Amino acid sequence: MTSVDPSPALRHRSVTRGRLLDAARALLAREGLKGVTIARLCGEAGFTRGAFYSNFDSMDDLVRALVDRERERMLALVREAADPATFAGLEPAEAATAVLERFAVLQPPDRDWFLLHLEFELRGLRGDLGGEEFVEWWHRIIDGIAEVVETVLDAMGLRLVVEAREAVLVLMGTWDALVLSSLVERREFDLDLLRRTTPRLLVSLTEPA
């Protein structure tokens with residue numbers, strides 16, 4: 001089936017929308033979006049208020065779109081990092097290490113990345129994103145990662161001895177703690193510590209299929 005290229009107008013709107021989201025992402029990571037006006041955001045992105053309103057109804061609408069975009073980007077990177085071809089023939093702990101290292105390369109756990117997702121969580125817990133919207137966002141992340149974890153373990157001939165969502169919560173908590181520690185101590189993310197801990201933790205939650 002032949003794909004149809006979008007019209008120039010649609011491409012232009014997509015580019016504008018992307019640049020507005022990029023500007024919002026930068027502001028959010030730098031200082032949070034609380035109190036940021038549409039005028040300031042447009043100035044940051046280099047567009048008029050008209051360009052903003054042709055893409056979003058409000059700042060809340062933009063934040064929701066940014067949350068959705070970042071979630072889908074992260075899940076896409078998780079799936080890419082978990083490509084079975086990257087760990088074929090490795091022992092389980094080595095395979096888990098390969099997946100986590102690949103994700104760390106695809107999505108470097110730097111300060112902006114951490115603050116961005118922390119801001120999303122804070123806005124959701126405060127109710128700025130809407131209670132049900134935040135719950136749905138959270139569940140889609142957990143479910144998306146859980147699906148990848150089960151697929152990876154199946155390729156290794158393993159299965160979880162706990163619920164997949166429970167395993168994901170443990171792994172995410174460990175990952176976030178490692179990132180936070182590196183930021184607090186003002187050092188590079190410790191890949192060696194990741195190699196020594198998280199893969200073994202994952203394997204400890206499994207048994208032969």
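The protein has 9 helices and 2 strands, and keep in mind that you're looking at a predicted model. Starting from the N terminus, the elements run α-α-α-α-α-α-α-β-α-α-β. Its C-alpha trace spans about 60 × 50 × 30 Å along the principal axes.

Of the 209 residues, 40% are buried. The protein exposes about 11,700 Å², and carbon and sulfur atoms supply 54% of that area. Now take the contacts between residues at least 6 apart in sequence: 66% of them join residues at least 24 apart.

**Charges and salt bridges**

There are 26 positive and 35 negative charges, and the mean positions of the two groups are 7 Å apart. A search of the whole structure turns up 18 salt bridges. Here are three of them.

| Pair | Closest N to O distance |
|---|---|
| Arg73 and Glu70 | 3.8 Å |
| Arg195 and Glu101 | 2.1 Å |
| Asp192 and Arg195 | 2.4 Å |

Let's begin with Arg73 and Glu70. Both sit in helix H4 (residues 59-81), 3 residues apart, which is about one turn of the helix. Arg73 is partly exposed, with a relative accessible area of 43%, while Glu70 is buried at 5%. These two also belong to a network of salt bridges that links Asp22, Arg25, Arg69, Glu70 and Arg73.

Arg195 turns up in two rows of the table, with Glu101 as one partner and Asp192 as another. Arg195 lies in helix H9 (residues 191-204) and Glu101 in helix H5 (residues 92-106), so their salt bridge ties together parts that are 94 residues apart in sequence. Asp192, on the other hand, is in helix H9 along with Arg195, 3 residues away, or about one helical turn. What about exposure? Arg195 is partly exposed at 33% relative accessible area, Glu101 is partly exposed at 22%, and Asp192 is partly exposed at 42%.

**A buried charge without a salt bridge**

Glu119 is in helix H6 (residues 111-126). This residue is buried, yet has no salt bridge. Why not? A salt bridge needs the nitrogen and oxygen within 4 Å, and the nearest side chain of opposite charge, Arg123, is 4.6 Å away. Setting aside neighbours within four places in sequence, Glu119 is in contact with Leu28, Gly32 and Leu33.

**A negative patch on the surface**

Glu147, Glu150, Asp154, Glu163 and Glu166 form a negative surface patch. Helix H7 (residues 131-156) gives the most to the patch, with 3 residues. Glu150 is in helix H7 and is partly exposed, with a relative accessible area of 46%.

Technical notes
Residues numbered from 1 in each chain as written. Predicted model: local features only at pLDDT ≥ 70, side-chain atom pairs only at ≥ 80, totals over all residues. Heavy atoms only, no water. Helix = DSSP H or I, 4+ residues; strand = E, 2+ residues; numbered from the N terminus. Buried < 20%, exposed > 50% of the residue type's maximum accessible area, 1.4 Å probe, protein only. Lys, Arg positive; Asp, Glu negative; His and termini not counted. Contact = heavy atoms within 4.5 Å. Patch = residues over 30% accessible without salt bridge, like charges linked within 9 Å, V, L, I, M, F, W, Y side chains within 5 Å. Areas by Shrake-Rupley, 256 points an atom, 1.4 Å probe, with all protein chains shown as cover. Charge placed at Lys NZ, Arg CZ, Asp CG, Glu CD.
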